[in-house]
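This report describes a single protein chain for a reader who has the coordinates at hand. It proceeds from the ionic pairs to the disulfide, a surface patch, selected buried positions and the overall fold.

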Amino acid sequence: MSLLDALRHRLRPLLGRRDYDRDMDEEFRHHLELHAQEFPDADHPAARARAHFGSKAYYMEETRRMTSLRWLDTLLADIRQAARALRANRGFTVVAVLSLALGIGANTAIFSLIDAVMLKSLPVRHPETLLKVTMGKDGGENFTNPIWEELRGHPELFSGAFAYNQDDFNLAQGGEARSVTGEWVSGDYFATLGVPAILGRTLARTDDVRGCPAIAVLSYGLWQTEFGGARDVVGKSLNISSHPFTVVGVVDRAFFGLEVGQQAQLYVPICSAPIVQGDDHAIVHRGFWWLNVMARPAAGASVAQTGARLAAIAPAVFQATVPTQGPADFIASYLKRTLDVAPAGTGFSEMRLQYAGALRVLMAVVALVLLIACANVANLLLARATVRQHEAAIRLALGAGRGRLIRLMLTEAMLLSLLGAALGALFASWGTRVMMGLFAAGDGAAWLDLGMDRRVLVFTTAVALLSGILFGLAPAWRSAQADPQAALKAQGRSVVGRGRRRVGWALVAGQVALSFVLLTSAGLLLNSFRNLMSTPAGFQRSGVLLVNTELTSATLPGTMLDRLRALPGVRSVAFSTMTPLGHFGEVTLLVADGFDAAHRQPTHALRNHISQDYFTTMGTRLLRGRDVGSVDNAGSTKVALITQSMAHALFGSTDPIGKDVEQSSRDQQSAPYEVVGVVEDSKFGSLRDSTNMMMYVPAVQDPRSPTSFTLELRSDVAPTSLVREV
């Protein structure tokens, strides 16, 4: 008999109980008939045979015990008994299940987010072998295209490597912009990741050459929304910033890109960036840090060995890509940079960096909520155990072991916990959608794969079982310690001993203590929130409407500003390439006038292109000097305004007005900017920023006029009432 046949034979008394009992009854009757033939002289042979053979129920029970999985039969019996007991006490069951659903559901919801943001592997082939290339443990993770091309020239280092950058692409041919999230990718992107095309083909290494044609690969979602899922999509045209790109393929629907928290819809070759941007700045510039590089180790190479090989070629890579001009100290530090690798199976994620700490705190909070719920249900079970003393006493008096009684009570607790987990899963599904709404409140682009995968299912089941043990063990133990004699003599009166009261008091004390911890933590969080809201942000938060724009023309929106100023209720209008609390911006390196040139150290700062009236519109105070004016044009001396923190960092107590700052983050040193004003610090990253190094420059003085910027409108009416007119 095979193992499967043996298991089927063992399970037959449980899964086919009626058929099994019928067969057993038929076999028992057959045995009685044979046994009756041994008493031919008896008046009633059948009765004599039945009396001699023994109890039918006894033999059937013994046969079932020997031919079935007895422990499973007993467990099923306990579950049936527990279900009947819970059904008979619906009020208690509803209260207990709702309490547990809240605790287990909250834990499942937060763990689902932690799993999606921090733990879940990318939907690619063997994500555990993916590596990201970095500039050492303390270095950055972004590279220039010249550096990537140098790395690509060493195929012996990796079994596959690629570069990519996430960006927004405008699909509109005119009028209102239609932005989708996409990625600039190198030729081996899909081959290295092992992501197949379900239609057409993916990009290949032959597509990854300078001057490449305008081609694109679609995600499954964009294929459905933009082309209606048409099977003949390959060869059709898609407009990106008013430039036609030919669709060459559609990728599998499970693949969302490499940025956790975003869903890439479009993939275009890095070499086609000049088609969209109008020049080859991103391709040839040695100071434009924008690409992430990922790879898989060469056959037989470990992570450490791959890192060591990269470190060995780093001097040659940086020597070949050194900026042609710039401060000597910057070039010296550039040549000292190194290369390393780190595991990247979970991808990249700005959301992970931003919310990881908050999610861990929330996980601790909901764990406390679950402990409070368990203590509450344990107290309910203790109270119910007092009422059920006579039931426990009768079971013990009839011969049930105390271990069996504990198991029955724990089965009831586990059933309660599993019911709470089932209801909690529905609560978790709603809770994760609410949390995603909060994540996406800033730009509406947040996306996470929140499907119930194996990890979340195991977590929820484990939490449910552990909760059942936590709140069920003490009541089960107390019930098993009941004295049958004392309980039966009580004749219906409750017998509450000191032990039960002590356990109940301990549970109540635990609930109060945990609740006090939660209330204290909530108070501290509210106080922190109040402090953040009262912190000077460097701008007036109310009465301003922000409008994101993307213009295909390289001209600045002079007439657009005039028309917006004429709208009823609009007090002032401006535009900028960065807005407060925007969490992103252009980083540059500056050196200040007035210091010994041999000891000048570049300072990292944000650079914001602004129009006239920006500070008036945003409500940012001018502390010294003058604002941007009509005299500042493309032919005049380059000017800049800097923040108070930047003035102190660059010039100390010296008056910065009239001093020069030089930008040194590009291939060549730019013309100096004359500082004409100092403004108060504004919070551009978050409200927790202590200082802000920011340089504001007139947009009209930049030879590369911005095509993507934000319009700011300050109004005397509700800003939302202006949306239609704008």
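## Salt bridges

A salt bridge is a side-chain nitrogen of Lys or Arg within 4 Å of a carboxyl oxygen of Asp or Glu. By that criterion Asp232 and Lys236 are paired, since their closest N and O atoms are 3.6 Å apart. Lys236 itself is partly exposed, with a relative accessible area of 33%. The model under discussion is predicted, and a search of the whole structure finds 15 salt bridges in it. Side chains of opposite charge can pair when their charged atoms come close.

Another of these pairs is Glu226 with Arg178, where the closest N and O atoms are 3.2 Å apart. Glu226 belongs to helix H9 (residues 220–227), while Arg178 sits in the loop between strand E2 (158–170) and strand E3 (179–185); the salt bridge therefore ties together parts that are 48 residues apart in sequence. Both partners count as partly exposed: Glu226 has a relative accessible area of 29%, and Arg178 has 39%.

## A pair within one helix and a network

Arg565 and Asp562 meet through their side chains in a salt bridge with an N to O distance of 3.0 Å. Both residues lie in helix H20 (residues 558–565), three residues apart, or about one turn of the helix. An α-helix has 3.6 residues a turn, so residues three or four places apart point the same way. Arg565 is partly exposed at 33% relative accessible area, and Asp562 is likewise partly exposed at 47%.

Salt bridges also occur as a network, which links Glu149, Arg152, Asp208 and Arg210.

## The disulfide

How many disulfides does a search of the whole structure find? The search returns one. It joins Cys212 to Cys271, with an S to S distance of 2.1 Å. The bond links distant parts of the chain, 59 residues apart: Cys212 is in the loop between strand E4 (197–200) and strand E5 (215–218), and Cys271 is in the loop between strand E8 (266–269) and helix H10 (273–277).

The torsion about the S-S bond of Cys212 and Cys271 is about 110°, so the disulfide is right-handed. Cys212 and Cys271 are both buried. Cys374 is also buried, with a relative accessible area of 5%.

## A nonpolar surface patch

Val94, Leu98, Leu423 and Leu426 form a nonpolar patch on the surface, and together they have about 370 Å² of accessible area. Two helices, H6 (90–119) and H16 (402–439), each supply at least two residues of this patch.

Is Leu426 buried or exposed? Leu426, which is found in helix H16, has a relative accessible area of 60%; because this value is over 50%, Leu426 counts as exposed.

## Buried positions

Ser682 is placed in the loop between strand E18 (673–679) and strand E19 (694–698). Its relative accessible area is 2%, so Ser682 is buried. The side chain of Ser682 reaches the backbone oxygen of Gly538 at 2.9 Å. Leaving aside residues up to four places away in sequence, Ser682 touches Ala537, Gly538, Thr620, Asn692 and Tyr696.

Helix H22 (residues 644–651) also contains buried residues, namely Ser645, Met646, Ala647, Leu650 and Phe651. The residue that follows H22 is Gly652, whose phi is positive, near 60°.

## Overall architecture

The protein has 22 helices and 20 strands. Of its 726 residues, 45% count as buried. The accessible surface comes to about 36,400 Å², and 58% of this area belongs to carbon and sulfur atoms.

What share of the contacts between residues at least 6 apart in sequence joins residues at least 24 apart? The share in this protein is 78%. Two individual links described above also span the sequence: the disulfide of Cys212 and Cys271 connects residues 59 apart, and the salt bridge of Glu226 and Arg178 connects parts 48 residues apart.

Methods:
Residues numbered from 1 in each chain as written. Predicted model: local features only at pLDDT ≥ 70, side-chain atom pairs only at ≥ 80, totals over all residues. Heavy atoms only, no water. Patch = residues over 30% accessible without salt bridge, like charges linked within 9 Å, V, L, I, M, F, W, Y side chains within 5 Å. Areas by Shrake-Rupley, 256 points an atom, 1.4 Å probe, with all protein chains shown as cover. Helix = DSSP H or I, 4+ residues; strand = E, 2+ residues; numbered from the N terminus. Buried < 20%, exposed > 50% of the residue type's maximum accessible area, 1.4 Å probe, protein only. Disulfide = S-S within 2.5 Å. Polar contact = N/O pair within 3.5 Å; in protein donor to acceptor, adjacent residues only side chain to side chain. Contact = heavy atoms within 4.5 Å.
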